[in-house]
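Here are some short exercises to work through with the model open beside you. Try each task before you read its solution.

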Amino acid sequence: MATTTSRRSLLTLALAAPLAGTVLAGCGGDSGPGAAAGGDGATIWILTGQPAEGIRTDSIDAFNEANPDSELAVSSFQNDAFKAKIKTAIGAGEAPTIIWTWGGGGLRNYVENGQVEDLTSFFEETPALKEQLFESAFGAATVDGKVYAVPCEDVSPIVLFYNKRVFEKVGAQPPTTWGEVMELVPVFNAAGIAPFSLGGQSRWTNMMWLEFLYDRIGGPEVFQAVFDGQPDAWSNPASIEALTQLQDLVRADGFVKGFASITADSNADQALLYTDKAAMMVHGTWTYGSMKSDGGDFVTGGHLGWMNFPPVEGGAGDPSNTVGNPSAYYALSSKATEEQKAAAKKYFAEGLNTDETTKAWISVGSVPIVKGSDSQFSSSEDAEWLQFVYDIASGAATFTQSWDQALSPTAAEALLDNIEKLFGLSITPQQFADAMNAVIGS
């Protein structure tokens, strides 16, 4: 596993490798940036970075070998380069046949502009494919009740990590409710241990707290109303309550001192946990690998604990709900020819989520979105961890996508900016809601 957290590449740690737009040879056809719907064969663009890139290209190579009449020409791009190139290509009507997407707000934009194919009937015609995958992965692939992307690869929910050593030191038990979380804050502060580590300078780390509090207090419908563009959705009473509870935690010194100057990309927040300077941390499952490699015997010695985020007393949210990154996704360009679309759908059905790719994701410490893949965990030294992540993702009543991926880029930037102010106590919950209501639908 990688030793640095590059969450904005998401979906797997490996996406942050320093590679530029690399065209892969041997995959058939013209696969450069100009290769688009008007070419002869189907095309696919993927993200770079090992080991994920290797799993993706192996999947495509195996499909091409088995289907010489439906080959996919592949191009690979670094994360940021891809974002720029795909925007230009789609705007010019020159998108690849198969479009990598994070789902959510970006996919909705494609749908509203008629740039991607409605795949609802495709899934009806291939029921075995949909049945194979976690139901929770389809939320971010669905717009107005129709499915526009195929979930694939692995899953990365957000969880609550805790340090067993410091809990033993203060004689405390892990929290089972929000009330117990608040009760633990003065206990750890009195012992000179930060209750929670937080890389607040990165802002999206703060967001994970609100994602869970909104869900646990009001249920997933609260953010769904925002995503659906309902006027004044951020003013929902459950929203105001969640914002208030968060600021109560800040005022109680629930986070490490100076959290606003700590960055997540440097893994400094993780280091606070495994060096016993912090008791707990709310973070993505992708941090497990770096804590294992960088934290001495913290993980291998059994000192790291984990749980789903606890319920809030009286809250409406299902305690099984989770948030984070439910899947990677591939959409189909609406501008592709019928022959290209046929090749892409064949790959979706036969080459994307195979036994081989499932084994490959598990081998690099990831949990595939394939039902029953947990039967292969027993040979891994991280079997207990993998099973926990699998159970969270597969058993979630609702898996809410990370807000800044679900929303439009404009709304997402406003969100991160106002979250920073909220954690800094420079705005009130109502001011936060007012500011965010102003960008609904942007």
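The exercises below go from domains to salt bridges, helix packing and backbone geometry.

This is a predicted model, in which local features need pLDDT of at least 70, side-chain atom pairs count only at pLDDT 80 or more, and totals for chains, interfaces and linings use all residues. Residues are numbered from 1 along each chain as its sequence is written, and side-chain values use heavy atoms, with hydrogens and water left out.

**Exercise 1. Describe how domain 1 and domain 2 meet.**

Step 1: Start with the bounds, which come from an automatic or database domain assignment: domain 1 covers 42–153 + 327–371, and domain 2 covers 157–324 + 401–438.
Step 2: Their centres, taken over C-alpha atoms, are 31 Å apart. Seven residues from domain 1 and six residues from domain 2 make the contact (heavy atoms within 4.5 Å).
Step 3: Now take the buried area, the accessible area (1.4 Å probe) that two parts lose on being put together, summed over both. For this pair it is about 470 Å², with 46% on carbon and sulfur atoms.
Step 4: On the domain 1 side, Trp102, Gly105 and Arg108 lose the most area to domain 2, together 66% of what that side buries.

**Exercise 2. Find the salt bridge of Arg108, then that of Arg165.**

Step 1: Apply the criterion: a side-chain nitrogen of Lys or Arg within 4 Å of a carboxyl oxygen of Asp or Glu. The whole structure has 15 such pairs.
Step 2: Arg108 pairs with Asp228 at 3.9 Å, N to O. The count between domain 1 and domain 2 is one salt bridge.
Step 3: Arg165 pairs with Asp297 at 3.8 Å, N to O. Arg165 lies in helix H6 (residues 164–170) and Asp297 in the loop between helix H12 (287–294) and strand S11 (304–307), so this pair ties together parts 132 residues apart in sequence. Helices (H or I, at least four residues) and strands (E, at least two) are DSSP runs, numbered from the N terminus.

**Exercise 3. Work out how H1 and H14 are oriented.**

Step 1: The axes of H1 (residues 52–66) and H14 (residues 355–363) come within 10 Å and cross at roughly 170°. Axes are lines fitted to C-alpha atoms over the stretch in contact, and angles run from 0 to 180 degrees between N-to-C directions.
Step 2: That makes H1 roughly antiparallel to H14 (over 145 degrees).
Step 3: Ala52, Ile55, Arg56 and Ser59 in H1 meet Thr357, Ala360 and Trp361 in H14.

**Exercise 4. Which peptide bond is cis?**

Step 1: The bond from Gln50 to Pro51 is cis, with omega near 5°.
Step 2: Pro51 sits in the loop between strand S2 (42–47) and H1.

Key. Parallel < 35°, antiparallel > 145°, perpendicular 65-115°, else oblique.
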